[in-house]
Amino acid sequence: MEDSHSALAEGGADATALPSGAQQSSVELVNGDEAVARAAFDARVSLGTGYPGTPATEILEAFDALGGRAQWAPNEKVGLEVALGVALAGARAIVAMKHVGLNVAADPLFTAAYLDIPGALVVVSADEPGMSSSQNEQDNRRYAVAAGVAMLEPSDSQEAYEFTLRAIEIAERWRKPVMLRMTTRICHSKTVLRRGGALSIAPPRPADYARNIPGRVMIPGYARPAHKRLRVVLAQIAAWNETADVNRIVAGSPALGIVTSGISYQHVREAAPEARVLKLGMTHPLPFELIRRFVSSVERAVVIEEGDPYLAEAVRAAGIPVEGKAEMFRLGELNVNRVRRILAGDTSPERELQLGKPPTLCPGCGHRSVFSCLRNLGCIVSGDIGCYTLAVLPPFEAVDSCVCMGASIGLGLGLRHALPLEQAKRVVSVIGDSTFFHSGITGLLEMAYNPPPTGHVVLVLDNGTTAMTGFQEHPGTGRTLDHSATAKASIEGLARAVGVRNVHVIDPTLDPAAFERLMKECLDKPELTVIVARRDCLLAARTIREYERMNARCN
Amino acid sequence: MRGVTNIVIAGLGGQGVLTASDIVADVALHAGFDVKKSELHGMSQRGGSIASDVRFGREVFSPMVPAGEADFLVVVEPDQLSVNAAALSPSGIIVDPSQFPAEKLRNKKTLNVALLGALSRHLEFSEEAWIAAIRRRLPEKLVEVNLEAFALGRG
């Protein structure tokens, strides 16, 4: 790949300006995730961690492919905690997740912001406006404000690379976590990346533990002054942001001024090529004086942003008069035509998006028969996040709820507690293997601890991989991110360990009738049951066998 | 946008839509253009519709081809034409498998690259540039059969 671009390479004359881990100057077409991975590699990030989720998954896979140390955590919370530990050791860490992953990781994030962190902690949040593969379109810029962390928003792969380097520098300078907020179109669009030349970052300091109890132990007596220090740091970063080169003004007519950031900037340049544009690279804390001067330099000022009216609200609250967008444009992605409409004040109904053929449960999926069975038995299915959510579509229509990772178990228990007996007996929680390790274990504890009078049935569909996001490993596969052998967690073992007495392991495809008999029998008993329906994902089975052969040889 | 060529390649998951758009983007990049390529591929592996946008020119801003501005709509799966028809500009050109003897393909999975052959007749890049991009983007063992497919599509 590198060779293929040598014809376009700008020569390696400046390569000495880069740390030894970096490549020579090069030009390549990469997506935003790959650009973040390249920056992490060039900055000699010690560890990349996170949990797979569209559209962030490729960051860690690309970091691993480059030779970086990347690993999947069981979930985003653990990933962020591991990354925080790396940064407390003085090294550089990156933790990557999809937007909803930050909900899981929010607990450590909010208090990490209070900590004095000598290394770099960069939190990548990949938002999904338009929900190409997500359950909501929450706008995680709100998290930067709520947690009090600085936030950078790249608008293409070049900036994804540069802002990752800047995020590391800012984190180390102010000893605070920094959020890199991406969106699907930044993560998954390929644009030109030029590396090398003047782009560089100082090498990391060697890891070393320096004790700092008041800066790290957040008991109230230390947390109060820590919060005060955080607000001082945010004011300092805001002052820096007023003149920082992460923000820039594109010259244009004073008749129209547009304040924007991220992917919206690209749509703006195309929809309004004549406009004067303030492109913000750091959107928290905001450079209000810069925005104020810009707005007063133009006759009409409009904020163009995807998702929530975060910028428009903040700028107006600072007493700067700007137009925002109509409420209808809060929903879904922006694009060039929608930006044209916002600028024209056109709120007439939009043409329905042509959706085409929806994704389906694979025709040869080994877990299809499970959903036929659940349908035959009239089950109320408390579902979860993964391929199997697709069983909500015809011909199965066999999922009754889907909320967030692991919710199937808690939600199913709640239904069992409240429903009349005949309905309660038909409730089943259905969860995949990777989702089970991510957030299902605590649900299982709840089931054993507070069992409903009717008992409950948890069905774990174990296909041996994280299939929905493209076949990533997890703690139950016995292989790490790079597919080498490691400890293998057992779903049935965990179920027994928390006190579930009826634990069954069955291949649902081998004998669908036997599976249905087992389901029926378990539903009829007022007891707690975990059924592990185990069959490798059809698409991954061959690769899984190859990994296992390879690892067996290594041992 | 002046001077930007917009191409949309549409099909179903598993038909090589992304490989095809990677090859187009690679050709344009090596010809010295600014290039952007965008698609939503979160669920494409599950057999759903997938469309990939490729844009190249002196300077490209949005990575997405605006509705009604595609110069070319390449459909690997003919029934995806109606889903993506709104992308095409009034003067846009449709490229589909009916435009060459697709039944002569040695390997049906190379239909995506054969369609690039048909597309290549409308673009300014040399045949050598396409062949070089195919060699760069595909695993070695698949190169020959795909070059054959490309030649068939190009006619």
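## A walk around chain B and its contact with chain A

Start with chain B: among its contacts between residues at least 6 apart in sequence, 64% join residues at least 24 apart. Keep in mind as you click around that this is a predicted model.

Colour chain B by secondary structure next. You should find five helices and five strands, and going from the N terminus the order is β-α-β-β-β-α-β-α-α-α. The radius of gyration of chain B is 14 Å, close to the 15 Å from the globule rule for 155 residues, so chain B is as compact as a globular protein of that length. Turn on the C-alpha trace and line up its principal axes: the spans are about 40 × 35 × 30 Å. If you shade chain B by burial, 54% of its 155 residues come out buried.

Now bring chain A into view and select the contact between the two. Chain B puts in 30 residues and chain A 32 residues. On the chain B side, pick helix 1 (17-30) and strand 2 (34-39), each of which supplies at least two of the residues touching chain A. Strand 2 of chain B gives the largest share of that side, with six residues. Colour the chain B side by residue class and you get 14 nonpolar, ten polar and six charged.

Stay on strand 2 of chain B and add strand 8 (residues 190-195) of chain A. What sense do these strands pair in? They run antiparallel, over two bridges. For a last stop, zoom in on A:Lys190: its bridge partner in strand 2 of chain B is B:Lys37.

Technical notes
Residues numbered from 1 in each chain as written. Chains lettered and ligands numbered in written order. Predicted model: local features only at pLDDT ≥ 70, side-chain atom pairs only at ≥ 80, totals over all residues. Helix = DSSP H or I, 4+ residues; strand = E, 2+ residues; numbered from the N terminus. Rg over C-alpha atoms; globule rule 2.2 N^0.38 Å. Buried ≥ 20, exposed ≤ 12 C-beta atoms within 10 Å, placed from the backbone. Contact = placed C-beta atoms within 7 Å. Nonpolar A, V, L, I, M, F, W, Y, C, P; charged D, E, K, R; others polar. Pairing = 2+ DSSP bridges.
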